[in-house]
Amino acid sequence: MHHTTHKSIAGNAFSVHYFLRPDHRDIADLWLASSGHMINNIDADNGREWLFLHIENLHISGAQTACAFNRQTGGLAGFVTVHPGNGSLDQIIVAQTDRGSGVAALLLDEAKTLASGAIEMRISEDNQRAMRFCEREGFRKTGLDASASGGARMWKMRWQPGDAE
(Lines give C-alpha, C1' and ligand atoms only; values in the text may rest on other atoms or scores of the structure.)
Protein backbone atom coordinates (compact mmCIF):
# COMPACT_ATOMS: atom_id res chain seq x y z
CA MET A 1 0.00 0.00 0.00
CA HIS A 2 1.49 3.33 -1.02
CA HIS A 3 -0.53 6.33 -0.03
CA THR A 4 0.07 9.64 1.61
CA THR A 5 -2.07 11.62 3.99
CA HIS A 6 -1.37 15.11 5.22
CA LYS A 7 -2.33 16.14 8.73
CA SER A 8 -1.58 19.24 10.74
CA ILE A 9 -0.70 18.90 14.40
CA ALA A 10 -0.04 21.75 16.79
CA GLY A 11 0.92 24.07 13.95
CA ASN A 12 3.37 21.57 12.42
CA ALA A 13 2.42 19.65 9.31
CA PHE A 14 3.43 16.01 8.96
CA SER A 15 2.85 13.74 6.00
CA VAL A 16 2.30 10.02 6.53
CA HIS A 17 3.58 7.52 3.96
CA TYR A 18 3.26 3.74 3.96
CA PHE A 19 6.27 1.72 2.91
CA LEU A 20 6.36 -1.86 1.72
CA ARG A 21 10.16 -2.09 1.82
CA PRO A 22 11.62 -2.32 5.31
CA ASP A 23 15.09 -1.15 4.26
CA HIS A 24 14.34 2.54 4.31
CA ARG A 25 17.62 4.01 5.55
CA ASP A 26 15.97 6.73 7.62
CA ILE A 27 13.93 4.14 9.54
CA ALA A 28 17.07 2.31 10.63
CA ASP A 29 18.90 5.52 11.49
CA LEU A 30 15.99 6.68 13.65
CA TRP A 31 15.65 3.27 15.32
CA LEU A 32 19.38 3.16 16.11
CA ALA A 33 19.28 6.72 17.47
CA SER A 34 16.37 5.75 19.73
CA SER A 35 18.41 2.97 21.35
CA GLY A 36 16.03 0.35 19.95
CA HIS A 37 19.03 -1.88 19.38
CA MET A 38 19.92 -1.67 23.07
CA ILE A 39 16.40 -2.72 24.15
CA ASN A 40 16.67 -5.71 21.82
CA ASN A 41 20.24 -6.46 23.05
CA ILE A 42 21.76 -5.99 19.59
CA ASP A 43 25.02 -4.15 18.94
CA ALA A 44 24.71 -1.06 16.78
CA ASP A 45 26.84 -2.54 13.97
CA ASN A 46 24.36 -5.37 13.47
CA GLY A 47 21.29 -3.33 14.39
CA ARG A 48 20.50 -2.03 10.90
CA GLU A 49 20.58 -5.52 9.34
CA TRP A 50 18.54 -6.95 12.24
CA LEU A 51 15.89 -4.24 11.88
CA PHE A 52 15.60 -4.68 8.09
CA LEU A 53 15.09 -8.44 8.48
CA HIS A 54 12.74 -8.01 11.43
CA ILE A 55 10.47 -5.52 9.65
CA GLU A 56 10.65 -7.52 6.41
CA ASN A 57 9.38 -10.59 8.29
CA LEU A 58 6.63 -8.50 9.87
CA HIS A 59 5.62 -7.22 6.42
CA ILE A 60 5.57 -10.77 5.01
CA SER A 61 3.10 -11.67 7.76
CA GLY A 62 0.91 -8.68 6.86
CA ALA A 63 2.24 -5.83 9.00
CA GLN A 64 2.51 -2.30 7.63
CA THR A 65 4.88 0.54 8.45
CA ALA A 66 3.64 4.11 8.46
CA CYS A 67 6.28 6.85 8.44
CA ALA A 68 5.60 10.45 9.43
CA PHE A 69 7.75 13.11 7.81
CA ASN A 70 8.09 16.65 9.08
CA ARG A 71 6.96 18.77 6.13
CA GLN A 72 9.04 21.74 7.28
CA THR A 73 12.35 19.89 7.50
CA GLY A 74 11.64 16.91 5.24
CA GLY A 75 13.10 14.62 7.89
CA LEU A 76 11.62 11.42 9.24
CA ALA A 77 9.73 12.36 12.40
CA GLY A 78 8.76 8.83 13.38
CA PHE A 79 7.33 5.50 12.32
CA VAL A 80 4.98 2.79 13.52
CA THR A 81 4.80 -0.87 12.47
CA VAL A 82 1.49 -2.62 13.14
CA HIS A 83 -0.21 -5.79 11.93
CA PRO A 84 -3.77 -4.86 10.88
CA GLY A 85 -5.06 -8.43 11.26
CA ASN A 86 -3.94 -9.19 14.79
CA GLY A 87 -3.38 -5.66 16.13
CA SER A 88 0.22 -6.29 17.17
CA LEU A 89 2.13 -3.00 17.34
CA ASP A 90 5.80 -3.90 17.07
CA GLN A 91 7.58 -0.56 16.76
CA ILE A 92 6.69 3.07 17.40
CA ILE A 93 9.67 5.40 17.30
CA VAL A 94 9.73 9.22 17.30
CA ALA A 95 12.76 11.36 16.49
CA GLN A 96 14.19 13.22 19.48
CA THR A 97 13.67 16.53 17.64
CA ASP A 98 9.96 15.81 17.08
CA ARG A 99 9.04 14.60 20.56
CA GLY A 100 6.24 16.65 22.06
CA SER A 101 5.03 17.76 18.62
CA GLY A 102 2.03 15.41 18.43
CA VAL A 103 3.61 13.08 15.88
CA ALA A 104 3.44 10.08 18.27
CA ALA A 105 -0.32 10.60 18.62
CA LEU A 106 -0.58 10.86 14.83
CA LEU A 107 1.26 7.55 14.43
CA LEU A 108 -0.89 5.83 17.06
CA ASP A 109 -4.01 7.14 15.28
CA GLU A 110 -2.70 5.58 12.07
CA ALA A 111 -2.15 2.27 13.88
CA LYS A 112 -5.68 2.44 15.34
CA THR A 113 -7.09 3.09 11.87
CA LEU A 114 -5.18 0.15 10.38
CA ALA A 115 -6.03 -2.34 13.12
CA SER A 116 -9.25 -4.30 12.75
CA GLY A 117 -9.81 -4.14 16.50
CA ALA A 118 -7.64 -4.00 19.59
CA ILE A 119 -3.95 -3.07 19.52
CA GLU A 120 -1.40 -4.76 21.74
CA MET A 121 2.21 -3.80 22.37
CA ARG A 122 5.01 -4.20 24.86
CA ILE A 123 6.89 -1.32 26.48
CA SER A 124 10.02 -1.53 28.61
CA GLU A 125 9.25 -0.74 32.24
CA ASP A 126 12.26 1.62 32.04
CA ASN A 127 10.53 3.77 29.40
CA GLN A 128 8.29 5.81 31.68
CA ARG A 129 7.71 8.55 29.09
CA ALA A 130 6.26 6.01 26.63
CA MET A 131 4.18 4.41 29.39
CA ARG A 132 2.59 7.74 30.36
CA PHE A 133 1.95 8.62 26.72
CA CYS A 134 0.29 5.28 25.91
CA GLU A 135 -1.87 5.46 29.02
CA ARG A 136 -3.02 8.97 27.98
CA GLU A 137 -3.85 7.51 24.56
CA GLY A 138 -6.15 4.89 26.12
CA PHE A 139 -3.80 1.90 26.46
CA ARG A 140 -4.09 -0.20 29.61
CA LYS A 141 -1.52 -2.45 31.26
CA THR A 142 -2.46 -6.12 30.94
CA GLY A 143 0.59 -7.83 32.39
CA LEU A 144 4.33 -7.74 32.99
CA ASP A 145 6.76 -10.08 31.21
CA ALA A 146 10.46 -10.71 31.44
CA SER A 147 12.30 -9.23 28.47
CA ALA A 148 13.13 -11.74 25.74
CA SER A 149 16.67 -10.32 25.67
CA GLY A 150 17.16 -10.54 29.43
CA GLY A 151 16.99 -6.77 29.91
CA ALA A 152 14.24 -4.73 31.53
CA ARG A 153 10.84 -6.29 32.03
CA MET A 154 8.18 -5.41 29.48
CA TRP A 155 4.67 -4.15 30.20
CA LYS A 156 2.02 -5.61 27.92
CA MET A 157 -0.33 -2.82 26.87
CA ARG A 158 -3.71 -3.02 25.12
CA TRP A 159 -6.02 -0.50 23.46
CA GLN A 160 -9.57 -1.47 22.60
CA PRO A 161 -11.85 0.58 20.32
CA GLY A 162 -14.55 2.26 22.35
CA ASP A 163 -12.47 2.45 25.54
CA ALA A 164 -12.52 5.88 27.11
CA GLU A 165 -9.50 7.83 25.93
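## Exercises on a predicted model

Arg136 is exposed, as its relative accessible area is 57%. Keep in mind that this is a predicted model. Now let's work through three exercises.

**Exercise 1.** Find out where Arg136 lies and which residues gather with Arg136 in a patch of charge on the surface.

*Solution.*
- Step 1: Locate the residue. Arg136 belongs to helix H5, which covers residues 128-136.
- Step 2: Check its exposure. The cut-off for exposed is over 50%, and Arg136 has 57%.
- Step 3: Look for its partners. Arg99, Arg129 and Arg132 join Arg136 in a surface patch of positive charge.

**Exercise 2.** Decide whether Ile55 is buried or exposed, and give the distance between its C-alpha atom and that of Thr81.

*Solution.*
- Step 1: Find Ile55 in helix H3, residues 44-60.
- Step 2: Apply the cut-off. Buried means under 20% relative accessible area, so Ile55, at 0%, is buried.
- Step 3: Turn to Thr81, 26 residues away along the chain; the two C-alpha atoms are 7.9 Å apart.

**Exercise 3.** Describe how strand E3 is covered and how it pairs with strand E4.

*Solution.*
- Step 1: Take the strand as a whole. In E3, residues 64-70, seven of seven residues are buried.
- Step 2: Split E3 into its faces. One side holds Gln64, Ala66, Ala68 and Asn70, the other Thr65, Cys67 and Phe69, and all are buried.
- Step 3: Bring in E4, residues 76-82. The two strands pair in the antiparallel sense over six bridges, with Gln64 opposite Val82 of E4.
- Step 4: Follow the chain from E3 to E4. The strands form a hairpin with five residues between them, and Gly74 in the turn has a positive phi of about 80°.

Key: Residues are numbered from 1 along each chain as its sequence is written. This is a predicted model: local features need pLDDT of at least 70, side-chain atom pairs count only at pLDDT 80 or more; totals for chains, interfaces and linings use all residues. Side-chain values use heavy atoms; hydrogens and water are left out. Patches are made of residues with over 30% relative accessible area and no salt bridge: like charges are joined within 9 Å, nonpolar side chains (Val, Leu, Ile, Met, Phe, Trp, Tyr) within 5 Å. Accessible areas come from the Shrake-Rupley method with a 1.4 Å probe; for residues, only the protein chains shown count as cover. A salt bridge is a side-chain nitrogen of Lys or Arg within 4 Å of a carboxyl oxygen of Asp or Glu. Lys and Arg count as positive and Asp and Glu as negative; His and the chain ends are not counted. The place of a charge is taken as NZ of Lys, CZ of Arg, CG of Asp or CD of Glu. Helices (H or I, at least four residues) and strands (E, at least two) are DSSP runs, numbered from the N terminus. Buried means under 20% relative accessible area, exposed over 50%, partly exposed in between (1.4 Å probe, protein chains only). Two strands pair if DSSP finds at least two bridges between them.
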